Amino acid sequence: MTDFATVRGFEDLWRPVARPRRVPDRGVLPAAGAVGADTKARLVRIASRAPEVMVKITGRTRDGAHLQAHLKYISRDGALPLEGRDGEFLSDLRDVQELATDWAVEDFRKRENAAMSLSIVLSMPPGSSIVGTRDAARAFAQEVFGERFDYVFALHTDAGHPHVHLAVRSLGEDGVRLNPRKADLEQWRQTFARKLRNRGVEAEATPRRSRGIVRKAERIAVRKLRERHEAGGAPPPRVIRAAFEDASKIVDGAQVERPWERRILERQRLVREAYVATADALMRSVDAKDQALGEQVRAYVAAMPPPVTQRNQLVKAIRILRQRATDRARAGRNAPDTKDPGSPRRRS
């Protein structure tokens with residue numbers, strides 16, 4: 001393929017929302033490396049819908065008992081081996097318990113509620129290579145944590161897609177605690193995707209907005225509260241209750257200002273325009289491969305989901321429910337009277 005000049009705004013398509021801090025976190029995390037230097041190769045992967053990696057912090061353990069319970073969970077009570085940073089395997093439940101005890105005994109914390117370990121999940125979609133996911137996770141953990149933080153991990157395949165549970169000790173060997181930020185998570189996604197590609201597994205790690213998605217994933221705490229509410233055991237989470245109240249006011253004709261929603265929709269417009277302009281530039285190329293990629297990028301944009309915010313979806317749902325209630329009430333009023341009028345009187 002020939003080189004092509006990117007259009008204005010193209011560099012914003014994949015730029016992370018969070019910026020690395022100006023002052024490093026005392027060197028806790030390694031510096032970001034060059035990932036995806038070939039812009040066109042990355043555009044090819046995105047347009048062909050390479051699987052997106054998922055890297056998520058799922059929790060933190062606060063004491064030895066909590067840590068032991070988590071390690072028992074990810075090892076399935078010792079049924080799955082835990083692999084450590086030196087390549088050792090903990091295949092016995094007693095070894096898992098001893099590791100938790102060691103981490104707890106040697107963890108001298110200034111704050112009682114400081115995290116003892118960080119729980120991370122590295123995941124790929126269904127159908128992804130199980131071996132490739134495991135090997136990439138091993139390489140990821142070694143590069144990101146291996147020099148300073150102890151860790152163990154286990155591969156799970158029982159949820160329909162390969163994913164790795166990684167437990168990282170919060171206290172580093174230099175006495176500095178692991179305290180990742182949003183920018184660090186983005187860097188971890190890029191690193192995990194690169195490790196997968198190095199092993200022949202197609203993978204990408206693009207920001208949500210560059211895929212046409214405007215809604216954030218539901219936070220774990222909110223999801224658990226929502227599920228308890230739906231099961232009848234708790235009130236709805238405050239954030240969900242507030243969203244419904246706002247949507248109901250809009251349906252009733254009120255003006256509820258949320259300027260960040262306008263910014264989200266405007267950003268989506270710019271993202272899609274940048275993709276289309278890039279596709280047009282590729283299609284003007286004399287190279288047939290560039291032209292084909294341009295067509296593919298246009299198809300990618302056309303298939304993007306509509307930029308609908310959570311509030312817009314709630315407004316639509318409430319309007320539908322109210323219309324159904326109105327239709328049922330109208331149907332009830334217009335229904336014929338089916339009551340038995342009784343036997344007619346006999347004429348004398």
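**Helix packing and the setting of His66**

In this predicted model, helix H1 (residues 39-47) and helix H9 (residues 288-302) cross at roughly 45°, and their axes come within 9 Å. Because angles from 35 to 65 degrees fall outside the parallel and perpendicular classes, H1 is oblique to H9. The crossing of H1 past H9 is left-handed. On the H1 side, the meeting residues are Lys40, Leu43, Val44, Ile46 and Ala47. Their partners in H9 are Asp290, Leu293, Gln296, Val297 and Tyr300. Sorted by character, the residues of this contact comprise 7 nonpolar, 1 polar and 2 charged.

A second helix pair can be described in the same terms, since two packed helices are characterised by the angle between their axes and the distance between the axes. Helix H4 (residues 130-144) packs with helix H5 (residues 182-198) at an angle of about 130°, the two axes being 8 Å apart. H4 is therefore oblique to H5. Here the crossing is right-handed. From H4, the contact draws on Gly132, Thr133, Ala136, Ala137, Ala139, Phe140, Glu143 and Val144. H5 contributes Trp188, Thr191, Phe192, Arg194, Lys195 and Leu196. Between H4 and H5, the contact residues divide into 8 nonpolar, 3 polar and 3 charged.

Attention now turns to a single residue, His66, which has its place in helix H2 (residues 64-74). His66 has a relative accessibility of 36% and so counts as partly exposed, a class lying between the limits of 20% for buried and 50% for exposed. Leaving aside residues up to four places away in sequence, His66 touches Arg60 and Thr61. The side chain of His66 also has a polar atom 3.3 Å from the backbone nitrogen of Arg62. Further along the chain is Met116, 50 residues from His66, and the C-alpha atoms of these two residues are separated by 9.1 Å.

These local views belong to a protein chain with 10 helices and 6 strands. The chain has 348 residues, and buried residues make up 39% of them. Contacts across the sequence can be viewed in a similar way: among those between residues at least 6 apart, 76% join residues at least 24 apart.

Methods: Residues are numbered from 1 along each chain as its sequence is written. This is a predicted model: local features need pLDDT of at least 70, side-chain atom pairs count only at pLDDT 80 or more; totals for chains, interfaces and linings use all residues. Side-chain values use heavy atoms; hydrogens and water are left out. Axes are lines fitted to C-alpha atoms, for helices over the stretch in contact, and angles run from 0 to 180 degrees between N-to-C directions. Helices (H or I, at least four residues) and strands (E, at least two) are DSSP runs, numbered from the N terminus. Angles under 35 degrees count as roughly parallel, over 145 as roughly antiparallel, 65 to 115 as roughly perpendicular and the rest as oblique. A crossing is left-handed if the near helix is turned anticlockwise from the far one by less than a right angle, and right-handed if clockwise. Contact means heavy atoms within 4.5 Å. Ala, Val, Leu, Ile, Met, Phe, Trp, Tyr, Cys and Pro count as nonpolar, Asp, Glu, Lys and Arg as charged, and the others, Gly among them, as polar. Buried means under 20% relative accessible area, exposed over 50%, partly exposed in between (1.4 Å probe, protein chains only). A polar contact is a pair of N or O atoms within 3.5 Å; within protein, one must be able to donate a hydrogen and the other to accept it, and residues adjacent in sequence count only if both atoms are side-chain atoms.
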